Amino acid sequence: MRSEIENLKNIPVIIGSSLTGLLISMTLSREGINHVLIGGGPPDDVPRLGESLNECAGPALWREFGKEVQDCFFIKSHISLMNGRFLSMIYLANPNRSVCAGSHLTESKFNQYPSLWKLLVSALFKGTTILHLDRIRFDPMVYHKAIAKKECRFINGMVDKVEMSSDRITSLQLKDGRKIDSPSFVYDAAGFRSPVAAAASV
């Protein structure tokens, strides 16, 4: 067991294979960066929090996966809140705005803008509505896609202990005794169970 990960030194490590960890992994793979993803098995079919995405996350996921799994995305303009017998509705976005209003802005046209203006153009055209995401279908698709990337070394396990020296992580120990020494970066996507936060006492 130990020999499997002895050579995984000085490499980025992602803790947690939730949607956050998977998207970090996909981003690293897209940039050609070899890394380790530590997590569990495929997501089950139990509903989970985070189906309603904000105006930053929604368009970003739409651009990455919209063409592949378009039927997982639903345009949403409001949320409902229940308090006992009272029901209220809050409108968050204009339902007439499109998922990707700037889709007509081609990459060649975008590159014509000076760098300072690119920030403004990006803000105006990156996405314009609230999206609801069918995560029961979406998460397993991203899971299998992420761990299949050649840049991703997936380890099925759970981090039990994080060893630190000053403000640097020196090793990650898994519950089964395996250990990864000297990770170059650690992305903790384990949520409220964050082993890095626990080790740093924050």
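A salt bridge here is a side-chain nitrogen of Lys or Arg within 4 Å of a carboxyl oxygen of Asp or Glu. Keep that in mind as you click along. This is a predicted model, in which local features need pLDDT of at least 70 and side-chain atom pairs count only at pLDDT 80 or more, while totals for chains, interfaces and linings use all residues. Residues are numbered from 1 along each chain as its sequence is written, and side-chain values use heavy atoms, with hydrogens and water left out.

**Stop 1: Asp71 and Arg137**

Select Asp71 and Arg137 to see their side chains meet in a salt bridge, at 2.8 Å from N to O. Asp71 sits in the loop between H2 and E4 and Arg137 in helix H5, 66 residues apart. (Helices, H or I of at least four residues, and strands, E of at least two, are DSSP runs numbered from the N terminus.) Asp71 is partly exposed, with a relative accessible area of 44%, and Arg137 is also partly exposed, at 42%. For these labels, buried means under 20% relative accessible area, exposed over 50%, and partly exposed in between, using a 1.4 Å probe and protein chains only. Now add Asp134 to your selection: Asp71, Asp134 and Arg137 are linked in a network of salt bridges.

**Stop 2: along helix H5**

Stay with Asp134 for a moment. At the start of H5, one of its side-chain oxygens reaches to within 3.3 Å of the backbone nitrogen of Ile136. Next, colour the whole of H5, which has 13 residues and reaches 18 Å from its first C-alpha to its last. That is close to the 18 Å expected at 1.5 Å a residue, where the expected span is 1.5 Å times one less than the number of residues. Which residues of H5 are buried? They are Arg135, Phe138, Asp139, Pro140, Met141, Val142, Tyr143 and Ala146.

**Stop 3: the rings around Phe138**

Show Phe138 as sticks, together with Trp62, Phe65 and Phe73; these four form one aromatic cluster. Rings of Phe, Tyr and Trp (its six-membered ring) pair if their centres lie within 6.5 Å; planes under 30 degrees apart count as stacked, over 60 as edge-to-face and the rest as tilted. The structure holds four aromatic pairs. In one of them, Phe65 and Phe138 meet edge-to-face, 5.2 Å centre to centre with 85° between the planes. Phe65 belongs to helix H2 (residues 57-65) and Phe138 to helix H5 (residues 135-147), 73 residues apart. Both partners are buried.

Now turn to Phe73, which also pairs edge-to-face with Phe138, at 5.9 Å centre to centre and 75° between the planes. Phe73 lies in strand E4 (residues 73-76) and Phe138 in helix H5, so this pair ties together parts that are 65 residues apart in sequence. Phe73 and Phe138 are both buried.

**Stop 4: more salt bridges**

How many salt bridges does the structure hold? There are eight. For another, select Glu68 and Lys145, whose closest N and O atoms are 2.6 Å apart. Glu68 lies in the loop between H2 and E4 and Lys145 in helix H5, so the pair ties together parts that are 77 residues apart in sequence. Glu68 is partly exposed at 47%, and Lys145 is partly exposed at 24%.

Finish at Arg30, which forms a salt bridge with Glu64, the closest N and O atoms being 2.9 Å apart. Arg30 is in helix H1 (residues 19-30) and Glu64 in helix H2, 34 residues apart. At 49% relative accessibility, Arg30 counts as partly exposed, as does Glu64 at 34%.

Technical notes: Polar contact = N/O pair within 3.5 Å; in protein donor to acceptor, adjacent residues only side chain to side chain.
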